Each structure stands twice: as C-alpha cells, then as structure tokens.
Amino acid sequence: MTNPTNPARGAVSSSARLFDTENLINPYPLYQELRDAGPVIWLEAYGLYMLPRYAETKQALEDWESFSSAGGVTMNDEMNEKLRGGLLCSDPPRHDALRKVIERPVTPKALSQLRNRVAEEAKELVIRLVEQGSFDAATELAQHLPVTIVSDLVGLPEKGRERMLAWAPANFDCFGPANSDRTKAAMPIVGEMVNYAFTQCVPGKLKPDGWAQMIWDAAERGEVSVEDAPFMMNDYMGPSLDTTIFATTWLVWLFAKHPDQWQKLRDNPALIPSAINEAVRLHSPIQNFSRYVAKDVEIGGVTLPAGSRVIIAYGSANRDERKWDNPTEFDILRRDSNDHLGFGHGEHNCVGKNLARLEIRALLTELLPRVERFELLEAQIFHNNILHGLQSCRVTVH
Amino acid sequence: MPKATYILPDGSKNTLAVPNGQSLMEAAIHNGLTAILGECGGSLACATCHCFVEDAPGPLPEISDHEDAMLDMTATDRTEQSRLSCQIIMSDALDGIVLRVPDEM
Ligand code: HEM
Ligand code: FES
C-alpha cells in the first residue's frame with residue numbers, strides 16, 4: 001500500500017471518516033460533499049482512495065486489468081488474504097472459470113423452474129401477514145424467502161446454517177478498514193464461518209443435489225480446483241441473504257413514504273423491475289467495496305499508482321447529481337433507473353441479481369392486490385461497514 | 001405511430017402503438033403486459049423478454065453474440081423465430097410486427 005501521507009497529484013485529500021457509526025447510519029451528506037470535492041478523493045483516515053462519482057465508478061468497474069479484484073475487494077489486507085480464491089476476489093481468466101460454475105443454478109432457465117415454487121411460498125406468507133395486519137417487514141416479510149428457500153437450495157448442512165444470518169453481516173463488517181472497531185470486532189465471527197466452510201461444507205454433509213455440492217462436483221470434473229471449492233462455498237450464502245432482505249425492506253419503507261408510487265405500481269404491476277431498480281439505486285444494500293490498483297492508471301485526471309487501493313462507492317455513484325436528475329427522489333418511472341450500479345457492473349456484476357429480482361417480484365406481486373397502502377410505524381437502521389439496510393421496519397397494511 | 005401485436009400465452013392478442021426508438025420489451029411493460037417480465041430492464045441479463053417473432057414486416061437487427069448466448073438459456077426452448085424483445089427497437093419499418101409470448105419465462 002502507498003504511503004498514506006503522500007496522495008497522488010490531483011487527488012483531493014479529505015479527513016472524512018466514512019466508517020464512523022454516524023456516517024454509516026446516514027452516509028449521504030458525506031457522499032455529496034466528497035462528490036462535489038472532486039472525482040478522486042484521498043481518505044487520510046484510512047490511506048485509501050475513493051471514487052465518489054458515477055462516471056469514474058463505472059470506468060473502474062469496466063477496467064479489471066487496472067482495477068483488480070484478485071488483489072482483494074475489501075478495505076483491509078487481512079480480509080483480502082482470507083477471501084483470496086473465491087469468485088468475488090479473482091480476475092479473468094480464473095474468474096471466468098469460477099463464474100461459470102457459480103452461475104449454473106441461477107441461469108434464466110434454471111430460475112424459471114424456481115419461479116412457481118417461490119411464488120407459492122410468497123403467496124402463503126403475504127396472505128398470513130396481511131391477515132395479521134401489522135408486521136415487521138425487515139424480518140417477517142423480507143427474511144422468509146432468502147432464509148428458507150434459498151438456503152435450502154444451496155443445501156448447506158443444517159448444523160450451523162442458522163448462524164448464517166449472524167455470519168453474513170459480520171463477514172461484511174470485516175470488509176471495513178483495518179483501523180475500524182467494527183472490523184476488529186467482527187473478525188473472530190468470520191473465523192467461525194471460515195471454519196464452517198472448511199469442516200462442514202464438504203461432500204457427505206451437503207445436500208446431494210444442492211448448489212454447494214455442485215461446486216464439489218465441478219471440482220471433481222476439473223472445472224475448478226479442489227483447493228478453490230471451500231472458498232467458493234461462501235459465494236452463495238455470503239452475498240445472497242442481507243442484500244436481498246435489505247432491498248425488500250427498503251422497498252416497503254419507500255412505498256410507505258411514497259404512497260403515490262405504490263399506487264402507480266398497483267396501476268401497472270409490469271413496472272416491478274423498475275421499482276426494484278429504483279430501490280437498489282436509492283438505498284444500495286452494498287454501499288462500498290474496493291479494488292486493488294494493479295498498474296498505474298489515469299482516472300478523473302489523476303494517476304493512481306500501482307499498489308494503491310481505491311473504494312468503489314456504489315451507493316454514492318447511484319446518487320450522483322452529474323448522472324441523475326433529482327437523484328434523491330424515488331421515482332419508479334425514472335427512465336434510466338436501469339443504469340444504476342447497485343448490482344455492480346462489468347466482470348463482477350452480481351451473479352444473483354436475477355434470483356434477487358425473482359424473490360422480490362414474488363413478494364410485490366402478492367402485496368399489490370392486497371395492500372392499498374403501508375403505514376410506517378417504526379424503522380431502525382442496521383449498523384454495518386458495508387451493508388446499508390433496516391433491521392426493523394414495522395408497518396400496518398391497509 | 002407504428003404498431004406491434006403481442007400474442008399472449010392465453011391466446012389473446014394485444015396491439016400497441018409503440019413510439020419509434022422504444023424497445024418492444026419496454027412497450028409491453030409500459031402498457032401493462034405482465035406476461036413479458038423484462039426483469040433486467042433490457043441489459044441482456046435475464047432472457048425474461050423472450051418472444052417468437054411470428055411476422056416481421058422489415059429486417060430485424062442482427063442477433064449479437066451476447067443475445068445469442070442468452071437465447072440459449074431461455075426457459076422455453078429457442079426456435080428459429082426466437083428474439084429477446086428488449087433488443088428489437090421499434091421503427092416505421094417494423095410497423096405491424098407480430099410477437100408471440102412463450103408460456104414459460
Ligand atoms: C438485492 C440483492 C443484491 C444486491 C444489491 C447485490 C449486490 C452485488 C454487488 C454490488 C456485486 C458486485 C461486487 C463487485 O463489484 O465486486 C455483487 C456480486 C455478487 N453477488 Fe450479489 N447482490 C444481491 C443479491 C445476490 C444474490 C441473491 C446472490 C446469490 C447467488 C448474489 C451473489 C453474488 C456473487 C456470487 C457475486 C460475485 C460475482 C463476481 O465476483 O463475479 N448476490 N452483488
Ligand atoms: S429484458 Fe432482460 S434480456 Fe431482455
């Protein structure tokens with residue numbers, strides 16, 4: 001890593017503390033300040049660069065040769081070392097081979113066979129919650145499909161699986177900078193998760209026709225190496241739970257705050273994909289990852305030196321006034337909402353986005369005819385270095 | 001405005017006026033045809049806008065490699081007539097085009 005006291009010429013130095021709790025709770029004013037300060041920011045507190053605007057974020061995500069994932073995508077060396085080998089932290093051509101295996105169960109054809117099962121499950125759940133009248137959208141509504149159906153499909157051993165909801169966010173906390181207290185506190189919990197992957201997620205203990213077992217089968221056929229397989233176990237569970245849960249919860253929260261938008265969706269349910277995009281744009285469940293600068297590269301008029309690390313701020317890019325009209329407005333008819341970077345972009349764009357969309361669509365489809373409006377009773381923000389979501393969102397439906 | 005006809009899985013026919021420059025996936029969505037899902041918003045990532053072109057009054061855009069790869073993964077098997085409707089952009093030359101929406105997306 002470069003000397004933290006010596007940023008590249010042209011980068012704007014900032015003392016912003018992105019990973020302090022108050023900024024994790026509401027990062028948006030700080031993002032705006034940083035976007036206005038310049039396209040390339042040097043964060044003194046962490047010794048990391050940051051690209052707060054849309055154009056540079058997109059450019060970096062399209063240039064994996066300069067902005068490498070194999071050098072790690074978290075903000076600290078220890079975690080980058082731990083994750084080395086998985087899909088998330090690899091570059092082509094290795095990335096292509098791993099991706100082929102991971103994406104097999106979530107191709108359009110494979111997903112279409114899931115759609116009915118997910119729809120039925122969603123219907124039962126929504127009928128029950130609507131009868132109940134009031135519920136916590138963050139837990140009772142949003143957790144059900146990822147935790148029951150998806151976990152079952154992945155087929156990890158029952159023993160320990162219930163810990164996933166604690167492990168997955170801790171895993172993301174560990175993506176934070178080395179000197180953040182949240183990062184340090186979460187490290188031991190991730191140890192548990194890694195141990196689980198290596199000792200429990202092995203053939204014989206996995207569901208025979210599950211997605212996790214399919215990774216071992218692929219290793220047996222030589223499509224990936226046997227050494228890679230344990231690292232890849234995390235590729236389904238780690239990024240699939242809270243992301244989807246938070247996107248679902250934000251949607252309910254947004255529709256509670258904007259009944260006119262809910263009415264628009266009721267008038268035309270075909271707009272569901274745009275509504276999902278707009279929620280993921282405005283409240284991106286994954287706010288920041290990073291890239292390792294593999295060679296000197298010019299971006300935003302600054303030459304970033306090889307060996308430095310740069311924060312990719314999906315959540316800030318998605319609100320960049322240079323890209324979006326009225327960026328803070330929730331508008332399900334927004335024409336270019338599909339351009340958001342909340343599912344990533346380029347080589348590492350989210351493998352599971354079609355699965356996430358299928359789950360969220362199923363819930364919205366059942367809610368639309370049964371709910372005229374959501375009344376927000378109480379909502380509480382979840383604290384995490386990377387994830388941005390609500391840990392509770394109590395609503396009454398009318 | 002040029003028109004496009006969608007034959008839905010239940011056999012019903014819907015004819016829509018589609019502005020030039022709009023994709024046939026977008027036109028379906030904006031007119032509430034939920035049989036076309038258009039899950040990825042037209043970025044060639046979902047194949048849930050798959051249609052069979054029953055009648056094309058003019059030449060369709062070439063199938064790109066990317067579209068070709070996605071067509072190999074559609075829920076309802078592809079045929080000679082298969083296209084992703086997000087890749088068909090309306091123009092006067094396509095006035096009267098007829099698409100059949102497959103049963104399975
Ligand atoms: C709303 C829900 C979701 C959001 C917002 C989301 C967001 C993201 C983002 C931003 C990335 C890019 C990472 C990068 O640039 O390095 C990503 C990658 C990834 N996501 Fe998702 N995700 C969601 C759901 C899921 C689900 C359900 C799965 C389950 C299969 C999943 C699996 C993955 C994997 C394996 C990658 C790594 C892809 C690669 O490195 O090639 N995600 N996701
Ligand atoms: S809308 Fe997704 S491929 Fe056409």
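Student: What pLDDT does chain B average, and what share of the residues score at least 70?

Tutor: This is a predicted model, and where pLDDT is low, the coordinates should not be read in detail. Chain B averages a pLDDT of 96, and 100% of the residues score at least 70. For the complex, the predictor gives an ipTM of 0.92 and a pTM of 0.96.

Student: Which protein donor does the iron atom of ligand 1 have?

Tutor: A metal site is read from its donor atoms. Where the donors are four and tetrahedral, the ideal angles are 109.5 degrees; for six octahedral donors they are 90 or 180 degrees. In this model the iron atom of ligand 1 has a single protein donor, the SG atom of Cys350(A), at 2.2 Å. Water is not among the atoms, so the site may look incomplete.

Student: Where is Cys350(A) found in chain A?

Tutor: Cys350(A) sits in a loop, the one that links α18 (314–317) to α19 of chain A. Cys350(A) also belongs to the closest residues around ligand 1, together with His95(A), Arg99(A), Tyr314(A) and His348(A).

Student: How many residues surround ligand 1, and how do they divide by class?

Tutor: The shell has 24 residues. By class, 12 are nonpolar, eight are polar and four are charged.

Student: Which side chains have an N or O atom at 2.6 Å or 2.9 Å from an oxygen atom of ligand 1?

Tutor: Polar contacts are read as pairs of N or O atoms, with a cut-off of 3.5 Å. A polar side-chain atom of His95(A) is 2.6 Å from a ligand oxygen. The side chain of His348(A) places an N or O atom 2.6 Å from an oxygen atom of ligand 1, and for Arg291(A) the corresponding distance is 2.9 Å. As for the elements of chain A, those that give two or more residues to this shell are α5 (94–103), α14 (234–240), α15 (242–257) and β6 (288–293).

Student: How much space lies in the largest pocket, and which residues lie nearest its centre?

Tutor: A pocket is read from its volume and its lining. The largest pocket holds about 910 Å³ of space. Its lining counts 32 residues, and those nearest the centre are Arg99(A), Asn349(A), Lys353(A), Ala45(B) and His66(B). The lining has 12 nonpolar, 11 polar and nine charged residues.

Student: Which elements supply that lining?

Tutor: At least two residues each come from α3 (54–61), α5 and α19 (353–370) of chain A, and from α2 (65–71) of chain B. The largest share, five residues, is that of α5(A).

Student: What lines the second largest pocket?

Tutor: This pocket has about 370 Å³ of space and 20 lining residues, with Ser274(A), Arg335(A), Glu26(B), His30(B) and Gly41(B) nearest its centre. Both α17 (272–282) of chain A and α1 (24–30) of chain B supply at least two lining residues; α1(B) gives the most, four. By class, the lining of the second largest pocket has eight nonpolar, nine polar and three charged residues.

Student: How many cavities of 30 Å³ or more does the structure hold?

Tutor: A cavity differs from a pocket in that the probe fits but cannot get out. The structure holds six cavities of 30 Å³ or more. The second largest cavity has about 80 Å³ of space. Its lining includes Leu18(A), Tyr31(A), Gln287(A) and His388(A), and divides into six nonpolar, six polar and no charged residues.

Note on methods:
Residues numbered from 1 in each chain as written. Chains lettered and ligands numbered in written order. Heavy atoms only, no water. Near = heavy atom within 4 Å. Polar contact = N/O pair within 3.5 Å; in protein donor to acceptor, adjacent residues only side chain to side chain. Nonpolar A, V, L, I, M, F, W, Y, C, P; charged D, E, K, R; others polar. 1 Å grid on protein atoms, 1.4 Å probe; cavity = no way out; pocket = protein on both sides within 12 Å on 5 of 7 lines; lining within 4 Å. Points joined across faces, edges and corners; volume = space filled by probe spheres on them. pLDDT = per-residue confidence, 0-100. Donors = N, O, S within 2.8 Å, 3.2 Å for Na, K, Ca; no water.
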